[in-house]
Amino acid sequence: MDFSDRMAPLPAELEAKRDADAHRVHECQTPVFLWVEVRDGRVAIFGDVAPESPTVKGFVALLIDALSGASPAEVVAVR
């Protein structure tokens, strides 16, 4: 649950995409949005989760914290 408070706000350039329902994880009952990019050979992950769902937000924040900055091969190796 502490990780839910550590999630960085969604960058402004992604807010419009979120509002257009882009990158939504449709399998979740909670609205979850994820963006994964590779920048200079490193993975960058951005996410947005409703604050009313601190458990889901904490899980997404944990994934972002653990995988952002990793190489694509390191991310693929996570199982």
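User: Why is arginine 42 called partly exposed?

Analyst: In this predicted model, arginine 42 has a relative accessibility of 40%, and because partly exposed covers the range between under 20%, which is buried, and over 50%, which is exposed, arginine 42 counts as partly exposed.

User: What makes the contact between glutamate 74 and arginine 42 a salt bridge?

Analyst: The distance from N to O between the two side chains is 3.5 Å, and the rule asks for a side-chain nitrogen of Lys or Arg within 4 Å of a carboxyl oxygen of Asp or Glu, so the pair of glutamate 74 and arginine 42 meets the rule. Glutamate 74 lies in helix α4 (residues 72-77) and arginine 42 in strand β2 (residues 42-49), so the salt bridge ties together parts that are 32 residues apart in sequence.

User: How do you know whether glutamate 74 is buried, partly exposed or exposed?

Analyst: The relative accessible area of glutamate 74 is 44%, and because this value falls between the 20% and 50% cut-offs, glutamate 74 is called partly exposed.

User: What makes arginine 6 and aspartate 65 a salt bridge, and which parts of the chain does the pair link?

Analyst: Their side chains meet at 3.9 Å, N to O, and since the limit is within 4 Å, the pair counts as a salt bridge. This pair links distant parts of the chain, with arginine 6 in helix α1 (residues 2-6) and aspartate 65 in helix α3 (residues 54-67), 59 residues apart.

User: Why do arginine 6 and aspartate 65 get their exposure labels?

Analyst: Arginine 6 has 54% relative accessibility, and because exposed means over 50%, arginine 6 counts as exposed. Aspartate 65 has a relative accessible area of 45%, which lies between the cut-offs of 20% and 50%, so aspartate 65 is partly exposed.

User: How do you know that aspartate 21 and arginine 24 form a salt bridge?

Analyst: The N to O distance between their side chains is 3.9 Å, and the rule requires within 4 Å, so this pair is included as well. Aspartate 21, at 37%, and arginine 24, at 27%, are each partly exposed, because both values lie between 20% and 50%.

User: How many salt bridges does the rule give?

Analyst: The count comes to six salt bridges.

User: Why is phenylalanine 59 called exposed, and which patch does it help to make?

Analyst: Phenylalanine 59, placed in helix α3, has 52% relative accessibility, and because exposed means over 50%, phenylalanine 59 counts as exposed. Together with Leu62 and Leu63, Phe59 makes a nonpolar surface patch of about 270 Å².

Conventions:
Residues numbered from 1 in each chain as written. Predicted model: local features only at pLDDT ≥ 70, side-chain atom pairs only at ≥ 80, totals over all residues. Heavy atoms only, no water. Helix = DSSP H or I, 4+ residues; strand = E, 2+ residues; numbered from the N terminus. Buried < 20%, exposed > 50% of the residue type's maximum accessible area, 1.4 Å probe, protein only. Patch = residues over 30% accessible without salt bridge, like charges linked within 9 Å, V, L, I, M, F, W, Y side chains within 5 Å. Areas by Shrake-Rupley, 256 points an atom, 1.4 Å probe, with all protein chains shown as cover.
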